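I sat down with this model today and kept short notes as I went. Here they are, in the order I looked things up.

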Amino acid sequence: MTIRLYDTNARQIRDFTPLTAGCVSIYLCGATVQAAPHIGHIRSGLNFDIMRRWFEYRGYDVTFIRNVTDIDDKIIAKAAEQGRPWWSIGYENERAFNDGYTALGCLPPTYEPRATGHVTEMVEMMQGLIERGHAYEADGNVYFDVRSFPGYLELSRQELDNLLQPASDGETGKRDPRDFAMWKSAKPGEPTWGTPWGRGRPGWHLECSAMAHKYLGTAFDIHGGGLDLIFPHHENEIAQAKAFGDDFAQYWVHNAWVTMAGDKMSKSLGNSVLVSEMVKAWRPIVLRYYLGTPHYRSMIEYSEESLREAESAFARIEGFVQRVVEKAGHVEPSAEVPLAFAEALDDDLGVPQALAIVHTTVRQGNSALAADDKEAAVARLAEVRAMLGVLGLDPLDPHWAGETDRGEDLHGVVDSLVRLVLDQREAARGRKDWATADAIRDQLNQSGLAIEDSPQGPRWSLGPR
């Protein structure tokens, strides 16, 4: 068994070899909390949640760090725009992100450090970089000297002479316009912390280098994040950490975006779909299926039609699970997933290929039910539950229990009413009045109910919207 991952730095799929046998350390760039999350933000969390679950299934002890950037230019701008304290903006949106992660079934990280809680570590890192000749102070700012680090831009494959480094107001005193800010001098109305170079606040890139060092040490296995973070964020993280003396990340894994009309989903484009609104319109487990089952390196083009397709596909899985439970009672997940499923996930987290094994097993289970082969149906459900557990999609998991509880008060009433109509349909079938029987079924389908004729009689379920 060898897990293989696409390493952005190597531009190829590599066998995964952990720094410490039996252990995996992962640092994921988490939320910048200037606004509530859209589904593009949460996709990254989902992709790395599946990675973490798979490592744990394979027997690894996983340390998973997902940071919170609770101070940066965007948060300060939002605070000024809304006339609110910067920390109020950050905390409100941090909770919204955590609500989104939880709603879609992401396991909590091992640690979730906030940038503002690690200024001491940032100052220590800057002092070390200045002493080593990789950074300098100017006008209360501290900059990283990119020409002092020969490996700069190896991740993003850019040419230094052609580089345009993003910068914000107040970045004065640079020796080279390509140098980037690690610390920004105090400005009126902005939050500040004391340093040997005067009061100011951290730059975005410094935060992650310092937090990764604190929680994972001088070297760790995997650094993750979205494709948009390769430059400047991850490139600058590498420069700071390695110039400081760390080996830093051994593998760089990046997830693709959720797009709308071909554009990356973002608040600045006005095309975001907030998680808080999406979970009102769609079951969270369906959203997880939709966002988590494409390959993590594939773009997802958002549309309601594709969401409905995901809903229908998951309904087929869920329907099989429910039918076997009704027939056989509780079924525990099998101890091991099918070999083909494991091989798919070992190969760069091939979730689409793994999901094909899930659907094949569901079809085999449905055939067993049709043949009244209870033993085979139960065996297939045990396999399906094991596979869905790895993907975080097992409808029988306690996390998703609340979804089925939302309508329990009305379920009995609806069932009684539907049964009356189904009795009329059965009576029509009994007298061979096929036109009336079909008309009743069609009317129920139009009402959002799916009718299935089984050897035990007709049964109903909520159909896809």
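**Entry 1: the largest cavity**

Which residues line the largest cavity? I found Asn47, Ile50, Gly292, Pro294, His295, Tyr296, Leu349 and Val351 around it. Before going on, I remind myself that this is a predicted model. The volume of the largest cavity comes to about 40 Å³. I also searched the whole structure for cavities of 30 Å³ or more, and the search gave one. By character, the lining has five nonpolar residues, three polar ones and no charged ones.

**Entry 2: the overall picture**

I stepped back to take in the chain. It has 465 residues, and buried residues make up 50% of them. I counted 15 helices and 15 strands. Along the principal axes, the C-alpha atoms fill a box of roughly 90 × 50 × 35 Å.

**Entry 3: the second largest pocket**

Next I turned to an open space. How much space lies in the second largest pocket? The value I got is about 1,200 Å³. This pocket is lined by 48 residues, and the closest to its centre are Thr32, Lys74, Trp204, Asp228 and Leu229. I then asked which element gives the largest share of the lining, and strand S3 (residues 23-32) does, with five residues. The lining residues divide into 19 nonpolar, 20 polar and nine charged.

**Entry 4: the hairpin of S1 and S2**

I went to the start of the chain for this one. Strand S1 (residues 4-7) and strand S2 (residues 12-15) run antiparallel and are joined by four bridges. I picked out one pair: Arg4 has Asp15 in S2 as its bridge partner. The two strands form a hairpin, with four residues between them.

Arg11 in that loop caught my eye. Its phi is positive, about 60 degrees, although Arg11 is not a glycine. I noted this since most residues other than glycine have a negative phi. Is Arg11 buried, partly exposed or exposed? Its relative accessibility is 35%, so Arg11 counts as partly exposed, because that class runs between 20% and 50%.

**Entry 5: the sheet S5-S6-S7-S8**

Now a sheet. Four strands make it up in the order S5-S6-S7-S8, and the sheet is open, with antiparallel pairing. Why is one side of S5 and of strand S8 (200-202) left without a neighbour in the sheet? Both stand at the edges and each has a single partner strand, so there is no strand on the other side. On average, neighbouring strands of this sheet are turned by 25 degrees against each other, direction ignored.

I followed the pairings one by one. Strand S5 (residues 135-138) pairs with strand S6 (residues 141-144) over four bridges, in the antiparallel sense. Within this pair, Glu137 stands opposite Val142. S5 and S6 form a hairpin with two residues between the strands, and Asp139 there takes a positive phi near 55 degrees. S6 is then joined to strand S7 (residues 180-185) by three bridges, again antiparallel. Here the bridge partner of Phe144 is Phe180 in S7.

**Entry 6: Glu171**

I stayed in this part of the chain and looked at the loop between S6 and S7, where Glu171 lies. Why does Glu171 count as buried? Its relative accessibility is 17%, and the cut-off for buried is under 20%. The side chain of Glu171 makes a polar contact of 3.2 Å with the side chain of Ser168.

**Entry 7: Ala96**

Ala96 sits in helix H3 (residues 86-103). With a relative accessible area of 24%, Ala96 is partly exposed. I also checked its distance to Pro37, which is 59 residues away along the chain: the two C-alpha atoms are separated by 6.9 Å.

**Entry 8: backbone oddities**

Last, I went through the backbone angles. Most peptide bonds are trans. Which peptide bond did I find to be cis? The one from Phe231 to Pro232 is, with omega near 5 degrees. Pro232 has its place in helix H6 (residues 230-244).

I closed with Asp372, which is not a glycine but has a positive phi of about 60 degrees. Asp372 lies in the loop between helix H11 (351-370) and helix H12 (374-391).

Key:
Residues numbered from 1 in each chain as written. Predicted model: local features only at pLDDT ≥ 70, side-chain atom pairs only at ≥ 80, totals over all residues. Heavy atoms only, no water. Pairing = 2+ DSSP bridges. 1 Å grid on protein atoms, 1.4 Å probe; cavity = no way out; pocket = protein on both sides within 12 Å on 5 of 7 lines; lining within 4 Å. Points joined across faces, edges and corners; volume = space filled by probe spheres on them. Nonpolar A, V, L, I, M, F, W, Y, C, P; charged D, E, K, R; others polar. Axes fitted to C-alpha atoms, helices over the stretch in contact; angles between N-to-C directions. Buried < 20%, exposed > 50% of the residue type's maximum accessible area, 1.4 Å probe, protein only. Polar contact = N/O pair within 3.5 Å; in protein donor to acceptor, adjacent residues only side chain to side chain.
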